[in-house]
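This briefing covers a single protein chain, taken topic by topic. The strand pairing comes first, followed by the cross-links and the overall figures.

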Amino acid sequence: MFPRIITQIATCIAVLLTPACTSGGSGGERDTAASRSGGASSAAMVEREWALVTLGDSAAPPGAGGKAATIRFDSAATRAGGFAGCNRYSAPYTVAGDSLGFGPAISTKMACADGDALERAYLAIIPEVTGFRVTDSTLTLTGSSGKLAVFRAQ
């Protein structure tokens, strides 16, 4: 049991420190995912907090504490993360034009009385994402089967 606790603590620390450790902090011009893709729509997606509204065609259930799942794209670290319904998560991402893909996600491993179903469903769509559409206040993640999730800007 003790090694499992150490692993969980290390995972929590990695999730919380990844953006801070990889953001560079040089103050100079940044090579962001948005500037590499050349797309104005990806620039509207990054550095904003997005709250989950729908999963597929259904309203997203609330997570622990009645909170919505969230996602935020950190262009400097090319990582996305947020609240998955019970735990915090993070995953690398790549964007090119209107294509979007995620690498393997990591998350904390706290137990929750509420939010587990949302978290499992939400984290299951992350590897399925192949594209996105963004307006001023709405982010839609798409996959080969169509719309996977819709978020509203916070």
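In the pairing of β5 with β6, Tyr93 stands opposite Phe102 in β6. The model is a predicted one, and its chain has a mean pLDDT of 80. Its secondary structure amounts to four helices and 10 strands.

**Strand pairing around β5**

- Strand β6 covers residues 99-102 and runs antiparallel to β5, with four bridges joining the two.
- β5 and β6 make a hairpin with two residues between the strands, and Gly97 there has a positive phi near 65°.
- β4 also runs antiparallel to β5, and five bridges join this pair.
- Within the β4 and β5 pairing, Arg79 is placed opposite Pro92 in β5.
- β4 and β5 likewise form a hairpin, here with four residues between the strands. Gly85 sits in that turn and has a positive phi of about 130°.
- A further antiparallel pairing joins β5 to β7 through two bridges.
- Tyr89 has Ser107 in β7 as its bridge partner.

**Disulfide**

- The count of disulfides comes to one.
- Cys86 and Cys112 form the bond, with their sulfur atoms 1.9 Å apart.
- Cys86 lies in the loop between β4 (79-83) and β5 (88-96), and Cys112 lies in the loop between β7 (106-107) and α4, so the disulfide ties together parts that are 26 residues apart in sequence.
- The disulfide is right-handed because the torsion about its S-S bond is about 95°.
- Are the two cysteines buried or exposed, or does either fall in between? Cys86 is buried, at a relative accessible area of 6%, while Cys112 counts as partly exposed at 25% relative accessibility.

**Salt bridges**

- Two salt bridges turn up in a search of the whole structure.
- One of them joins the side chains of Lys147 and Asp57, at 3.6 Å from N to O. This pair links distant parts of the chain, 90 residues apart: Lys147 is in strand β10 (residues 146-153), and Asp57 is in the loop between β1 (49-55) and β2 (58-59).
- Lys147 is partly exposed, with a relative accessible area of 37%, whereas Asp57 is exposed at 74%.
- The side chains of Asp116 and Arg120 also meet in a salt bridge, at 2.9 Å from N to O.
- Asp116 and Arg120 are about one helical turn apart because they are four residues apart in helix α4 (residues 116-125).
- Asp116 counts as partly exposed at 36% relative accessibility, and Arg120 as exposed at 53%.

**Chain as a whole**

- Starting at the N terminus, the order of elements is α-α-α-β-β-β-β-β-β-β-α-β-β-β.
- The chain has 154 residues, and buried residues make up 41% of them.
- Of the contacts with a separation of 6 or more, 54% are between residues 24 or more positions apart.
- The chain exposes about 8,100 Å², of which carbon and sulfur atoms supply 57%.

**Model confidence**

- A pLDDT of 70 or more is reached by 74% of the residues.
- Where does pLDDT stay under 50? It does so over residues 1-40, for which the model has 32 contacts beyond four places in sequence.

Terms used: Residues are numbered from 1 along each chain as its sequence is written. Side-chain values use heavy atoms; hydrogens and water are left out. pLDDT is the predictor's confidence in each residue, from 0 to 100. Contact means heavy atoms within 4.5 Å. A salt bridge is a side-chain nitrogen of Lys or Arg within 4 Å of a carboxyl oxygen of Asp or Glu. Buried means under 20% relative accessible area, exposed over 50%, partly exposed in between (1.4 Å probe, protein chains only). A disulfide is a pair of cysteine sulfur atoms within 2.5 Å. Accessible areas come from the Shrake-Rupley method with a 1.4 Å probe; for residues, only the protein chains shown count as cover. Two strands pair if DSSP finds at least two bridges between them.
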